[in-house]
Amino acid sequence: MARPDKSPAPDGEGQSLGDEAFVGQMTASQRDLRTFIVGLVPHQVDADDVLQEVNLALWRKRHLYDPNQDYLRWAFGFAALEVRSFRSRAARGRLWFSESTIQSLADEWPDKISFLEDCRLVLARCLQKLNDTERQVVEAKYGDSQSVKKIANDTNTPLSTVYDTLSRALKSLRICVRRSQLQSSH
Amino acid sequence: MTEASRKYDKERLHQLTLGKCNGALTEDDVSELSELLASSADARDEYWQFLAVHAELDWQLNNESASTDSLAKQIAGFPDDVEPRSKILGAGRATQILLAIAACLAVVWFAGGVLWSDRGKDLAAEQAEKQSRVAKTVGHLKPIVPDSAWSFGRPGGDDATEFQLGDTIWLNEGAVELQLVTDTVAVLEAPTIMQVVSADRVRVFDGGVKVEVAEGAEGFSVETNSAEVVDLGTVFSVNVGDGNTDLVVFDGAVDLKLPRQDGETEQPDGLVKRFRAGEAVQVLDDGTLSRIVNVRQATHQTGDGGLSAGSVIESVKDNNVREDFWSFYEIVPGGMREDAGAFVDRVHQWNGTKSKGIPAYLLGGDYVKTFNDDKVVDQLRIDVMLNQPATLYVLLDQRVSPPAWLLESFSDTGDTIGVDEAAYHPDDPTRVPEGDLQIGPGRSINRTHSIWKLVAEEPGVVSLGANGLLHDVNAEGVLSQANMYGIVAVPLKHLN
């Protein structure tokens, strides 16, 4: 039987979002969700697994999403739960942040979104302000997904030096974003 | 000093945060970073800023298109409502999803028709069918104390009574009973957070659940942060707090699964230990096991005795080193009533010796399920901690002589109480041969215990000693013809 988009949910709780529109919401939120999850899990390798489980949970519950509700906040709730769930199932040999740390980070995340948005706007410009070495290392690590060890080998540079270069680059980028925020507020 | 402004080692925070961004954290680093972040809101603020830069670099320089493709593949492979990972749909469906995502990236929203398939099957019907499967009800919930309040964290989820697959319940007040479609019953006490993963698996994040698994539903599992409990046909409870898991088995048996401790790599097989009725264990966050000496049942779960007494017995301890290291004293607040289970290690029941029933002053009192095997422990000392003035009763088997400690401190009321016994099988103490136990007072009474009392004017510890000696000494150890004494406490103010 044909069923148009935005028909009432089976339990009569009001209009739900059709699948196509929901996919759009999911797509648009991947970036924010991923950042949120990367912040809550200590090891990057787990972040994508958690994101996949979050996406599954969101998809399963899509009929419960109220379009009048802020999608990101709704999705962050799932993400926080999945992180905790993933943590409880993680190998004992891999330490995670404590429950209270995860909770505190998750609770305060909504206050950080403005910095994230500014970051998106100005990061490309800030990248151009890095020195050549820093920019090359950043592009190799993030753009080409090279390991720090490979970068060190390819450039014939000690591992610790590459780590230091990356750290300086991230610090510089962060300062650049914050300066942009301050300038735009005057 | 507010938490926000609490001093912390900022330089070290930066080192660890950048280490995390570079994938260079050791396990000790993770632990240290976790503590730093927990200690200060400023630290978390700094952390989030670095993470935002790191995540944006990853997204802008590498991840954006890859993530989009990955999402498309994920959605195309998503289940209906069961484990999804490798489900392969027709190319037509996957193509439609990719088209939808591409359109969204161009900030063009698809309406209705573009995604409709020109396959024979109606996509909307497929959606409706999928929705009804996804919204699968796996249980119904009802409050068991007044003013219970809960939420499922979804629209219409406040105090809803239908529990759906994947739902997480935040129980904020009171207690509720969840009846699953398998007839397994789970009782939750606030505050508790629990997710129903499937009809035979729940995940407890915080708080506790007591589970009575229906026959035929064996294999029901409760997951926590530190353990997994698999039912083998039981009544058991799991409580989570401060990262620890408390498991108590009231009836039947469970398997407790723990991950391996070597910490090298993820191990698919963990330690499995079986726990039976009358056993309890605390699993600490680091995986070590610790004995739970006594267990108090929740007040709402106990009997409907004539007194609304509140909890009187705070704790019970003894000096007995037990072979069965995990056994516990069970404190049943307000639970003294007809057919109340008398012992941890037997299925015998307390009942009135005659049809008029158990003496009224005992009904609704707190009582302790003692170990019947302790009947022959001659240096036994049991310390009962009372949290308010109370009358303490000892129920002594009339086949034994009153011990000296009882004669010195207690008085014989002249009243009696009966024990309805089932034949004891040491290999399976919970076994009840058919017809051995009857319901109600004055029926199938096998033993008579005399009731002795002591009035404790102040809260505190009352020490009890060993059981009395058999009139007819017959050294058969735990099979000797006597029962261990019972313990009941009633608040002093409720006496007539």
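## Close-up views of a predicted two-chain model

**View 1. A:T101 sits in helix α4 of chain A.** This helix covers residues 99-108. The model is predicted. A:T101 has a relative accessible area of 0%. The cut-off for buried is under 20%, so A:T101 counts as buried. Leaving out residues up to four places away in sequence, A:T101 touches B:S34, B:L37 and B:A38.

**View 2. The largest nonpolar core holds 77 residues.** Three members touch the most other members: A:F36, A:L58 and B:L57. Helix α3 of chain B, residues 41-77, gives the most to this core. Its share is 10 residues.

**View 3. B:L57 has contacts in chain A and in chain B.** Neighbours within four places in sequence are set aside here. On the chain A side, B:L57 is in contact with A:L123, A:L127, A:V138, A:Y142, A:L170 and A:L173. On the chain B side, the contact is B:N62. B:L57 is also one of the residues that touch the most other members of the 77-residue core.

**View 4. A second core is separate from the largest one.** This core has 48 residues. Among them are B:Y329, B:M336, B:V384 and B:A489.

**View 5. Chain B contains 6 helices and 27 strands.** Of its 496 residues, 50% are buried. Take the contacts in chain B between residues at least 6 apart in sequence: 65% join residues at least 24 apart. The accessible surface of chain B is about 22,100 Å². Carbon and sulfur atoms account for 48% of that surface.

Key:
Residues are numbered from 1 along each chain as its sequence is written. Chains are lettered from A and ligands numbered from 1 in the order in which they are written. This is a predicted model: local features need pLDDT of at least 70, side-chain atom pairs count only at pLDDT 80 or more; totals for chains, interfaces and linings use all residues. Side-chain values use heavy atoms; hydrogens and water are left out. A nonpolar core is a set of buried Ala, Val, Leu, Ile, Met, Phe, Trp, Tyr and Cys residues joined through side-chain atoms within 4.5 Å. Buried means under 20% relative accessible area, exposed over 50%, partly exposed in between (1.4 Å probe, protein chains only). Helices (H or I, at least four residues) and strands (E, at least two) are DSSP runs, numbered from the N terminus. Contact means heavy atoms within 4.5 Å. Accessible areas come from the Shrake-Rupley method with a 1.4 Å probe; for residues, only the protein chains shown count as cover.
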